[in-house]
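Colleague: Got a minute to walk me through this one?
Modeller: Sure, let me pull it up.

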Amino acid sequence: MKAPGKNAVTLDAQLGNNRNFDLPVRFLDNWLRTRLFRGRPVRPVILSYFVTFRCNLKCSFCDYTDPVFRSRYPEVSTECAVRLLEIARQGIPSLAISGGEPLLRDDIVEILRAARHFGYKPIALFTNSLLLEEREEVLDYVDFLQISLDTVEEHCPEPDNGHRGVAAKVKENVRRYARMQKQKRFRINVNCVLSEDHLDDALGVLEFAESQNVRFTVAPRLIRESPAPELVGDKSYQALVDTIVARKRRSPAVMDTFAYLRHIRSFLPFKCYPWLTPRVYPNGRLMYPCPVLNYSEYDILQMGPWEALEDIILTTHGPEVRCERQCFLPCYLEASTVHSHMLSSAVELRRLIKEVGK
Ligand code: SF4
Ligand code: SF4
């Protein structure tokens, strides 16, 4: 399938293709399904599409830097990526594009333009920002730009060790693109991985986010999807999360929900609903129910309409995933805790509707 051209997107906008409410409505529908009609499966809220496992950084905590990942999951062509998005949109209202570093794909603008054309809302792009200047057109098609920033410390003795050596450039990018948020109608959040060796840096990142009028999110450092052992029960780590929670009460910058922060503070068990955020890898295969359990992989391009795929999954695996593994992959944890704590997350959902303005 040919990717839709720029004019098609403009026409959509002119016709008032306003899907701001699809995501909150899907959350509400899911809540009713599990509260009032027990046994009904939840339906997906966000497609998590990892478009590449290539990256121009090498963060110490990141599994994707392993070359095995790249050879095991080669990228599908532009045409297939666009077709995949078209199929998934039949059942999923919103989209997060991540990687690897998505901006390494030469066709990333085309992919995001197609996503906008198909009506995903909101669209988030996760990036380290280093290639943003070369691919600035992506800003026309995203609602949220998540930029990784683990420290504001610019002088790092290990320049190749992930974001620490590139903080100055990332900060410069955040400053530059923060100024475009209003005009281009997107929001930036800087995402900080909380690691035991630089816990103190997180508050610096939060202050930087506040100073630039961008949002702030956190994730604990994971090792093979489980919390780094040094963080579990660590008093300094807990005190840091407590401080972030306190800051959230008076600052709009902190974007994570209270429920999510409560869970990552003490690594509290949670009921996981992995089907809320189906994850597709660069080779176009859906990892069901998540890459950790990986019961089955489905080639979306071979499965026909999305409804058929959902039927097969329901028939093969049943309506619910029971998981004792309790990994803390943020996208699953965040969506699951919003679903389980709808009332306390209502503020964030309302803010989401307001901020998604394109
Ligand atoms: S920038 Fe992201 S994908 Fe790249 S190595 Fe770091 S954590 Fe991994
Ligand atoms: S907790 Fe982790 S392993 Fe278990 S279903 Fe959720 S994402 Fe998968």
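Modeller: Here are a few notes on the sheet, a helix pair and a ligand; bear in mind that this is a predicted model.

Colleague: Okay, the sheet first. How many strands form it, and in what order?
Modeller: It's an open sheet of 9 strands, running β6-β5-β4-β3-β2-β1-β9-β10-β11, with mixed pairing.

Colleague: Which strands stand at the edges?
Modeller: β6 (215-220) and β11 (296-299) do. Each has a single partner strand, so one side of each has no neighbour in the sheet.

Colleague: And in what sense do β3 and β4 pair?
Modeller: Parallel, over 4 bridges, with β3 covering residues 123-127 and β4 residues 144-148. L125 sits opposite L145 of β4.

Colleague: What does α5 touch on the sheet?
Modeller: It packs against β2 (94-98) and β3, and its direction makes about 160° with that of β3.

Colleague: Switching to helices: at what angle do α4 and α5 cross?
Modeller: Roughly 25°, with the axes of α4 (residues 78-89) and α5 (residues 108-118) coming within 10 Å. Angles under 35 degrees count as roughly parallel, so these two helices are roughly parallel to each other. The crossing is right-handed.

Colleague: Which residues make the contact?
Modeller: From α4 it's T78, A81, V82, L85, E86 and R89; from α5 it's E110, I111, A114, A115 and F118. That divides into 7 nonpolar, 1 polar and 3 charged.

Colleague: Last thing, ligand 2. Which residues come nearest?
Modeller: C272, C290, V292, C323 and C327, out of 13 around ligand 2. The shell has 11 nonpolar residues, 1 polar and 1 charged.

How values were computed. Residues numbered from 1 in each chain as written. Chains lettered and ligands numbered in written order. Predicted model: local features only at pLDDT ≥ 70, side-chain atom pairs only at ≥ 80, totals over all residues. Near = placed C-beta within 6 Å. Nonpolar A, V, L, I, M, F, W, Y, C, P; charged D, E, K, R; others polar. Axes fitted to C-alpha atoms, helices over the stretch in contact; angles between N-to-C directions. Parallel < 35°, antiparallel > 145°, perpendicular 65-115°, else oblique. Left-handed = near helix turned anticlockwise from the far one by under 90°. Contact = placed C-beta atoms within 7 Å. Pairing = 2+ DSSP bridges.
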